[in-house]
Amino acid sequence: MLVDHARKLAEKIRISGGGRCNFTNRYTKPDNFLSSNLHFCRSALARFTPQDFIVLLEKHGIRYHEKKSGQLFCDDSSQQIINMLQCECEAAGVIWQMPSQVKRIEYIPANKETQSAGQKFILTTECNTIEASSLVVATGGLSIPQIGASALGYQVANQFNIRVTPLRPALVGLTFSAGDFAGFKDIAGVAVDAEVSCKGVSFRENVLFTHRGLSGPAILQISSYWQPGESIHINLLPLQDVRQIFSMQRQSAALLSNLLTRYLPKRFVQVWCSTMLAQLSLASKPISQYRDSELRQVADQLHDWQVTPSGTAGYKKAEVTLGGVDTHELSSKTMESRRIPGLYFIGEVVDVTGHLGGFNFQWAWSSGYAAGQAV
């Protein structure tokens, strides 16, 4: 039986990937995931792979394509994935109970002295009372509450004294306080191909300027590693040697900003130069009029522009929740609680968070398969 409080089935799948669902990544490996227990995800990922999910798609005649870096999307619509999963559930005899809020969960452990048949979960819902020997918690995280995300999974863990690691939004845009970054908020919509780093981890993709701060794939990726109070490092020209560019243009009468527009979007360059030259106490002038030391300063800033966000865009905009049910409390083979027989946690509610690009869906499929085989 599947009990779901939502009125619409699998809304997070439906809206993902611009409506085409980035359902997996061909190159999924444990290195693509964050967790306080880094090796936990290995077993499940090895036993149900992206290729296994692709086989399921092909069985249902769903066409798909690869965009980049192994990211696979439906040719048509994410609704095809929902239909496929629903069809598989119905073929397995799953009973659907939705919408149905879970009000209370009771647990009766097996009693060897009375030779009872085994543990029992009693769920009181708004519709009925359900008894089961196994309970799989597949409630997701806190991200995108507007389509039904809730803290139920963490509440269940707390009820059974199962540790939950600290939670925060991940794969999310970064914001800046009103006084900081002011000029850049006027160029919302401009994107720059850059390399973004934090804590020794780097991602090279687009950085998108927004009314609230920074977004885009590179920022979403680094947000999973960033902590409040820390700076992020942005290499605005990862494929260029800016010192060499300046050296070759040393006698040029072109203004610094005009030279940089050959490599970066004009609107961005205007704001960046205005802001950065003021910080370095430099004037806007032709390249030939700068001292070598001044050009080195500008080059260093272009390769290592450090900005300090004030926060994130929050769970409303976050694609996933970082942290969750402590994996030290679970079996990596079955996702079952080590202390509460019959209780399983899978997917986003667990402290396993993937990079952007289909990895979080693959974790859902892999961890779900692991629990399903055990149940």
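1. In this predicted model, the side chains of glutamate 131 and lysine 120 form a salt bridge, with an N to O distance of 3.5 Å. The two partners come from distant parts of the chain, eleven residues apart: glutamate 131 belongs to strand β9 (residues 129-132), and lysine 120 to strand β8 (residues 120-125). Glutamate 131 is exposed, at a relative accessible area of 53%, whereas lysine 120 is partly exposed, at 32%.

2. A further salt bridge joins lysine 59 to glutamate 88, at 2.8 Å from N to O. This pair also links distant parts of the chain, with lysine 59 in helix α3 (residues 50-59), glutamate 88 in helix α4 (residues 79-91), and the two positions 29 residues apart in numbering. Lysine 59 counts as exposed, with 58% relative accessibility. Glutamate 88, in contrast, is partly exposed, its relative accessible area being 24%.

3. The salt bridge between arginine 14 and glutamate 11 lies within one helix: both residues belong to α1 (residues 11-15). The closest N and O atoms of arginine 14 and glutamate 11 are 2.6 Å apart. Why can these two side chains be matched along the helix? Residues three or four places apart in an α-helix point the same way, because there are 3.6 residues a turn. Arginine 14 and glutamate 11 are three residues apart, and therefore separated by about one helical turn. Glutamate 11 is buried, at 14% relative accessibility, while arginine 14 is partly exposed, at 34%. In total, the model contains 14 salt bridges.

4. Serine 16 deserves a separate remark. This residue lies in the loop between α1 and β2 (22-25). Serine 16 counts as buried, because its relative accessibility is 12% and the cut-off for burial is under 20%. Beyond its neighbours within four places in sequence, serine 16 is in contact with Cys21, Asn22 and Phe361.

5. The geometry of helix α10 (residues 292-303) is consistent with its length. Its twelve residues should span 16 Å at 1.5 Å a residue, and the end C-alpha atoms are 17 Å apart, which agrees.

6. Which residues of α10 are buried? They are Glu294, Leu295, Val298, Ala299 and Leu302. Viewed down the helix axis, the buried residues of α10 fall within an arc of 135°, so they line one face of the helix. Their packing partners are β16 (232-235), α7 (242-248), α8 (256-260) and α9 (266-279).

7. Phenylalanine 246 provides a residue-level view of this region. Apart from neighbours within four places in sequence, phenylalanine 246 is in contact with Leu256, Leu259, Leu260, Leu295, Val298, Ala299 and Leu302. Among these contacts, Leu295, Val298, Ala299 and Leu302 are also listed with the buried residues of α10.

8. The largest nonpolar core comprises 54 residues, of which Leu214, Ile232, Phe246, Phe268, Trp272 and Trp305 touch the most other members. Helix α9 supplies the largest share of this core, with seven residues. A second, separate core contains 31 residues, including Phe33, Ile130, Val137 and Leu343.

Technical notes. Residues are numbered from 1 along each chain as its sequence is written. This is a predicted model: local features need pLDDT of at least 70, side-chain atom pairs count only at pLDDT 80 or more; totals for chains, interfaces and linings use all residues. Side-chain values use heavy atoms; hydrogens and water are left out. A salt bridge is a side-chain nitrogen of Lys or Arg within 4 Å of a carboxyl oxygen of Asp or Glu. Helices (H or I, at least four residues) and strands (E, at least two) are DSSP runs, numbered from the N terminus. Buried means under 20% relative accessible area, exposed over 50%, partly exposed in between (1.4 Å probe, protein chains only). Contact means heavy atoms within 4.5 Å. The expected span of a helix is 1.5 Å times one less than its number of residues. The arc is that of the directions from the helix axis to the C-beta atoms. A nonpolar core is a set of buried Ala, Val, Leu, Ile, Met, Phe, Trp, Tyr and Cys residues joined through side-chain atoms within 4.5 Å.
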